[in-house]
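Thank you all for coming. I would like to take you through one model this morning, starting from a small detail of the backbone and working outwards from there.

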Amino acid sequence: MARFRGFPALSVLISITLLLARATAQIPDPCAGYDHPPTGTGLLNGRNDFPPGFVFGTATSAYQEDIQRMKYMNVDAYRLSISWSRVIPCIEPYVTIWHWDTPQALEAEYGGFLSSNIVKDFEDYCDLLFEEYGKKVTKWITLNEPVTYVMRGYDEGLMAPGRCSVYMDPITYGRYPQNMVDLVGTRLPTFNDEDSASLRGSYDFLGLNYYTAYYSMNNPAFDPEHLEYLKDSHAITTATGADGKLIGPQLGSSWQYLYPQGLQYLLNYTKDEYRNPHIYITENGLSQEDDPTQTIEEATQDDTRIQFYDSHLDSVLQSMTGYNVNVSGFFAWSFADNYEWNDGYSVRFGFYYIDYTDGHLTRYPKSSACWYTNFLNRNAPTGQTLIRQKVHSSKLQARPTAHRSAAALGGRRALPARRFSRW
Ligand SMILES: *[C@@H]1O[C@H](CO)[C@@H](O)[C@H](O)[C@H]1NC(C)=O
Ligand SMILES: *[C@@H]1O[C@H](CO)[C@@H](O)[C@H](O)[C@H]1NC(C)=O
């Protein structure tokens, strides 16, 4: 290393590497300190309940914060190491090509995704990725939650998750659904035959993100003078059903209700409506608001998260076994607490708690990290299927009618709490 002395930029690089290395130093056993590891609800035993080859993972976005910090320091390069011991045995990468981070230059030049110019630029960007990483990465996810991006990015009155069919119809059938054509009229772009042909069947697998569900109902106050994307469906969504009850127990963030059947419904529906696609659950998880008064020990006791995953995985399995929905994998969001868009660090999704205050971003395993670790243990005894304790059945009676809920599914953490107070 001595021979590089005198190159200040290089020493910056080296210290960054050390910093990053320290943040990811020795991973302790997430189950350390438990006499009896957390067991969940008894709905499932573990990975062996699923077919061989079913993929389990966790998802995170990029380390935006670290990159941001480096940029602030004016460094021009980022040296990173590939960890031999992590690559072999391999954890297979499922890479998302675009997670809402359109380059600002393209926004400025032609409005980003509002212009069809984006198609060529995005194609070039994809070609570059395939060329550089195509040999290593076989699972590419084109766009993360386009519907959320459309709402948050381009529609002011942020209200509800959109219809999950908005882009599914074009990529399955090469056209928008007829009711959408009728409702949106000339504001809806049209596809020529060539567009249509290249859209139809243009994906190998579908990545579904699921967090919660809402009821939807007709919007009696629809005002044809004030047209916006979110009003086009002539529907509003609400967590309270016609019976006055919530769709499920409210969870650690005000937008999220426990409704695991919603995932099962979404899977059944997707199979029926979209020609039985090959599906991965690319995100599912529980948001909890950060409580600064809690100790780390308290904040890492997250039995609710265990119940959340257990009941949602059970829903996935029921769709697979009961309705032959073709699901090949499940990615929990998130591996560690993350920077959650506008909410910043105020909500926590992770299996790992991150201490943002200690200067090292130390990771602490929550109970759920231990539970998932055991759940995924390939050597765990398969055992008899446990008696189904239907612990949630009383909480989950509120059910939307099939047709109503279809419009509300695919929901995510796109709804700020204050929006609910209007209803
Ligand atoms: C999914 O389909 C299966 C088989 O018809 C059914 O048993 C199950 O109730 C469906 N799930 C939902 C939530 O509709
Ligand atoms: C699921 O989809 C994959 C990819 O199209 C296919 O190879 C597989 O046979 C399908 N499995 C089932 C059970 O339909």
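Let me begin in the loop between strand 9 and strand 10, the latter being residues 347–348, because this loop is where Ser334 is found. Please bear in mind throughout that what you see is a predicted model. The peptide bond that joins Trp333 and Ser334 is cis, with an omega of about 20°. As a rule, most peptide bonds are trans, and most residues other than glycine have a negative phi.

Trp333 also leads us to another position, since among the contacts of Glu283, once its neighbours within four places in sequence are left aside, are Trp333 and Phe331, together with Ala59 and Asn209. Glu283 is the residue at which UniProt, in an unreviewed entry, places the feature "active site", and this residue is found in strand 7. Is Glu283 buried or exposed? With 22 other C-beta atoms within 10 Å, Glu283 is buried, because the threshold for that class is 20 or more.

Let me step back to the chain as a whole for a moment. The protein chain has 423 residues, of which 28% count as buried, and its secondary structure comes to 14 helices and 12 strands. If we take the contacts between residues at least 6 apart in sequence, 73% of them join residues at least 24 apart.

Now to the interior. The largest nonpolar core has 45 residues, and those that touch the most other members are Ile247, Leu266, Leu267, Ile281 and Val316. At least two residues of this core are supplied by each of strand 4 (206–210), helix 10, strand 7 (279–284), helix 12, strand 9, strand 11 and helix 13. To take Val316 as an example, and not counting residues up to four places away in sequence, Val316 touches Leu263, Leu267, Ile281, Val327 and Phe330.

Two of the contributing helices deserve a closer look, and I will take helix 13 before the other. Helix 13 covers residues 367–375, and because 7 of its 9 residues are buried, this helix is largely enclosed by the rest of the structure. The buried residues are Ser367, Ser368, Ala369, Cys370, Trp371, Tyr372 and Phe375. What do these buried residues pack against? Their partners are helix 12 (303–323), strand 9 (327–333), strand 11 (352–355) and strand 12 (362–365).

Helix 10, residues 260–273, is likewise mostly covered, with 10 of its 14 residues buried; among them are Pro260, Gly262, Leu263, Leu266, Leu267 and Thr270. Its length can be checked as well: at 1.5 Å a residue, the 14 residues should span 20 Å, and the end C-alpha atoms are 20 Å apart, so the two values agree.

Helix 10 matters for our next topic too, namely the surroundings of the ligand. Which residues surround ligand 1? The shell is made of Gln261, Gln264, Tyr265, Asn268, Ser319, Gly322 and Tyr323. Helix 10 and helix 12 each supply at least two residues of this shell, and the largest share, 4 residues, comes from helix 10. By character, the shell residues divide into 2 nonpolar and 5 polar, with no charged residue. Gln261, Gln264 and Tyr265, which we met in this shell, are also among the buried residues of helix 10.

Let me return to the backbone. Helix 10 is followed by Arg275, which is found in the loop between helix 10 and strand 7, and whose phi is near 60°, a positive value in a residue other than glycine. Arg275 counts as exposed, because it has 10 C-beta neighbours inside 10 Å. Trp100 likewise has a positive phi, of about 80°, although it is not a glycine. Trp100 lies in the loop between strand 2 (94–98) and helix 4 (104–110), and with 16 C-beta neighbours inside 10 Å, Trp100 counts as partly exposed.

I will finish with a pairing across the sequence. Thr142 is in strand 3, residues 139–143, and is partly exposed, with 14 other C-beta atoms within 10 Å. Leaving aside neighbours within four places in sequence, Thr142 is in contact with Ile97 and Trp98. Thr142 and Trp98 are 44 residues apart in sequence, yet their C-alpha atoms are 6.4 Å apart in space.

Terms used. Residues are numbered from 1 along each chain as its sequence is written. Chains are lettered from A and ligands numbered from 1 in the order in which they are written. This is a predicted model: local features need pLDDT of at least 70, side-chain atom pairs count only at pLDDT 80 or more; totals for chains, interfaces and linings use all residues. A residue is buried if 20 or more other C-beta atoms lie within 10 Å of its own, exposed if 12 or fewer, and partly exposed in between; C-beta atoms are placed from the backbone. Two residues are in contact if their C-beta atoms, placed from the backbone, lie within 7 Å. A residue is near a molecule or strand if its C-beta atom, placed from the backbone, lies within 6 Å of it. Ala, Val, Leu, Ile, Met, Phe, Trp, Tyr, Cys and Pro count as nonpolar, Asp, Glu, Lys and Arg as charged, and the others, Gly among them, as polar. A nonpolar core is a set of buried Ala, Val, Leu, Ile, Met, Phe, Trp, Tyr and Cys residues joined through C-beta atoms within 7 Å. UniProt positions are given in the numbering used here, feature names are shortened, and annotations may be inferred rather than shown by experiment. The expected span of a helix is 1.5 Å times one less than its number of residues.
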